[in-house]
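Dear colleague,

I am handing over the structure we spoke about, and below it I have set out what was found. Please keep it open beside you while you read.

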Amino acid sequence: MRIALSALFIAAVFTTVTVVNARYSETLDPFLYDYMTENFEEDTAAHNAIAAILLNYRMYDTMFEALILLTAIIGMNQFLPSPVELKELSARKQVAVGDKVGKE
Amino acid sequence: MSSESSITRVIVGLLYPFILLLGFYVIINGHYTPGGGFQGGSILASLFIARYVVFPVEDIDSEMLHLSQRFVLALLLLAPTVLLFTGAVHAYPEYRASYLTLMDIFIGVQVGYGLGVAVLRFAFFRGVGESWRF
């Protein structure tokens, strides 16, 4: 029941966002685009506009992008067994198979 | 995963320095050529993958790797807060390129360590068997 409700909720949110996004279209003034493509070399000393935007104009974006990897690894630490437990598991498996037991 | 083939062992051993060189080339030239921290870091992480493929022994301490990754991430969050947002980089224009290189190196090392930790954890988890704990 809870799973069905959450699936319904997610589907409703998905359709709402898609419909709203399709009904309204917005074109931005290309002010920032013009400014960045013309002035990035004087502003940041990068010869590459992507590096200029990534490391100077939009540094906040890059900082939080780097945090995503940490979040992923925290999730892995939460759900995967730790290296110590892994060692115990493999030792138990070796005992079950009948290999050498005395390996630490 | 067979680790017995000496051909793959020798070839990957020969490729090691070139992978390192390519990774640091992509990282350090990030603000002149296409590439940068994230791409170069992924190349550095392929070093861990190549090592796992030829020699699947868990002697890299993934906890230590994760600790150094978090340390570099703290540096990565601290450096622009001190250097960029206070306007120090724009006050001294001759150091702007060094700032970009520093940030690229931080991002590259952080991404390389992080992807290495992820790959090693999943690889050695898969090697144990079916037991899963939630």
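A helix, as the word is used here, is a DSSP run of H or I that holds at least four residues, and helices are numbered from the N terminus. By that reading, Pro17(B) belongs to helix 1 of chain B. Please bear in mind throughout that this is a predicted model.

To stay with Pro17(B) for a moment, this residue counts as exposed because 9 other C-beta atoms lie within 10 Å, and the cut-off for exposed is 12 or fewer. Its C-alpha atom is separated by 9.5 Å from that of Leu47(B), although the two residues are 30 residues apart along the chain.

Chain A has five helices and zero strands, so that its pattern, read along the sequence, is α-α-α-α-α. Of the 104 residues in chain A, 12% are buried.

Helix 3 of chain B, which runs over residues 62-83, allows a small check of its length: at 1.5 Å a residue its 22 residues should span 32 Å, and the end C-alpha atoms are 31 Å apart, which agrees. The buried residues in this helix are Ser62(B), His66(B), Gln69(B), Val72(B), Leu73(B), Leu76(B) and Pro80(B). Because they cover an arc of only 125° around the axis, they lie on the same side of helix 3 of chain B. On the other side, the exposed residues are Glu63(B), Met64(B), Ala74(B), Leu78(B), Thr81(B) and Val82(B).

Where the two chains touch, 33 residues come from chain B and 25 residues from chain A. On the side of chain B that touches chain A, the elements that give two or more residues are helix 3 and helix 5 (96-126) of chain B, and helix 5 of chain B gives the most, with 13 residues. The residues of that side divide into 18 nonpolar, 10 polar and five charged.

Lastly, there is the largest nonpolar core, which has 34 residues, and in which Phe106(B) and Ile107(B) touch the most other members. The elements that give two or more residues to this core are helix 3 (49-57) and helix 4 (59-79) of chain A, together with helix 1 (6-28), helix 2 (37-54), helix 3 and helix 5 of chain B. Its largest share, 13 residues, comes from helix 5 of chain B. If residues up to four places away in sequence are not counted, Ile107(B) touches Ala66(A), Gly37(B), Phe38(B), Gly41(B) and Leu76(B).

With kind regards

Key. Residues numbered from 1 in each chain as written. Chains lettered and ligands numbered in written order. Predicted model: local features only at pLDDT ≥ 70, side-chain atom pairs only at ≥ 80, totals over all residues. Expected span 1.5 Å × (residues − 1). Buried ≥ 20, exposed ≤ 12 C-beta atoms within 10 Å, placed from the backbone. Arc of directions from axis to C-beta. Contact = placed C-beta atoms within 7 Å. Nonpolar A, V, L, I, M, F, W, Y, C, P; charged D, E, K, R; others polar. Core = buried A, V, L, I, M, F, W, Y, C linked by C-beta atoms within 7 Å.
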